[in-house]
Amino acid sequence: MHMIYPPRCLNCGEMVESDFGLCGPCWRDTPFIGGVVCDLCGTPLPGGEIGEIAHCDDCLAIARPWTRGRAALVYDGTGRRLVLALKHDDRHEIVQPAARWMVQAARPILDPDSVIAPVPLHWTRLLQRRFNQSALLARAISRETGLPHCPDLLRRMKRTEVLDGKGRDQRFAALSATIKVPWTRAELIRNRAVLLVDDVMTSGATLAACADACLAAGATQVCVIVMARVAKRP
Ligand SMILES: [Zn+2]
Ligand SMILES: [Zn+2]
C-alpha cells in the first residue's frame, strides 16, 4: 500500500524505512501489547497461556456489555505520547499506522460480519477540536480490514461533563443514556455485530454506554478495539 505520510518516525522524527511508523529504538520503547491479554479490554496479563481466555481484575469487577476487546498499546510512555499527539496536536499521520497496530491486536476477535463504528464526540466538542480522532481511526480500520464503517452510528444526546478525575461510579452514571443509535441508523446493525473503535480505554464507561446503545438497537454483539488501554502498573 502506498504511504500517504512521510517516512519519518512518528515519535522522534528520524527517517524510517518501514511503513509501520516507528524507528527501531522507538519501536522497542513503545509498549505494544502482546502475549496474554484480558479478553474484554486487552490489558496485558501476567502469566497464563496464550489462547486461554482470561480476564483482568477490572473486567471481573465491572460487568462489560461488550463481548471481547483488544488494545494495541499500553497508555504509558510512547503509547501515551502518540495518543495525545493524535488527539491534541492534529498529528493525523499517526492514524494509518495506529490503525494497522489496532487491526493486528484485534485479529483474534475480528468478526467478518461486523460494522465498524467510532465512539462519538459531542458536536460542540467536535467544533472545538475540529475532528474526532476515534472516527479517523475507525475509517482507517475499515480500509485496512475491508469491513463496512458507519461514522455516525452513535450520537451523544447531551454533552457530558469532562470526566477526568471522577470516580468510576460517577463516570458510568454520567454517561448512561447519553449515547444512542438514531433510528435512521438502527437498520444497519440489526442482527449484526458491531466493532467499536476508540482511542483510549480508561474505565470503559464510554465504551459501555456505546455498547449498550448498539445492543438496544438490535446488534447481536459488540466488540471493542482501542489504540491504548490505561493499565494499572504491575
Ligand atoms: Zn524514533
Ligand atoms: Zn480487562
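Helices in this account are DSSP runs of H or I with at least four residues, numbered from the N terminus. The model is predicted, and helix α3 in it is followed by D90, a residue whose phi is positive, near 55°. Beyond this helix, the briefing covers two zinc sites, one with C9, C12, C23 and C26 as its protein donors and the other coordinated by C38, C41, C56 and C59.

**Zinc ion (ligand 1)**

- The SG atoms of C9, C12, C23 and C26 are the protein donors of this ion, lying 2.3 Å from it, and the donor residues are spaced C-x2-C-x10-C-x2-C in sequence.
- Because C12 lies in the segment before α1 (24-29) whereas C26 belongs to helix α1 itself, the pair ties together parts that are 14 residues apart in sequence.
- The arrangement is tetrahedral because the four donor atoms subtend angles of 102 to 115° around the ion.
- C12 is partly exposed, with a relative accessible area of 42%, while C26, at 9% relative accessibility, counts as buried.

**Zinc ion (ligand 2)**

- Coordination here comes from the SG atoms of C38, C41, C56 and C59, at 2.3 Å, and along the chain these donors follow the spacing C-x2-C-x14-C-x2-C.
- The angles subtended by the four donor atoms run from 105 to 116°, which makes this arrangement tetrahedral.
- Both C56 and C59 are buried.

**Helix α3**

- Helix α3 comprises 12 residues, 77-88, and reaches 16 Å from its first C-alpha to its last, close to the 16 Å expected at 1.5 Å a residue.
- The buried residues of α3 are T78, G79, L82, V83, A85, L86 and K87.

How values were computed: Residues are numbered from 1 along each chain as its sequence is written. Chains are lettered from A and ligands numbered from 1 in the order in which they are written. This is a predicted model: local features need pLDDT of at least 70, side-chain atom pairs count only at pLDDT 80 or more; totals for chains, interfaces and linings use all residues. Side-chain values use heavy atoms; hydrogens and water are left out. Helices (H or I, at least four residues) and strands (E, at least two) are DSSP runs, numbered from the N terminus. The expected span of a helix is 1.5 Å times one less than its number of residues. Buried means under 20% relative accessible area, exposed over 50%, partly exposed in between (1.4 Å probe, protein chains only). Donors are N, O and S atoms within 2.8 Å of the metal (3.2 Å for Na, K and Ca); water is not among the atoms, so sites may look incomplete. Four donors count as tetrahedral if all angles lie between 85 and 135 degrees; four count as square planar and six as octahedral if opposite donors are over 155 degrees apart and all others between 65 and 115; anything else is irregular.
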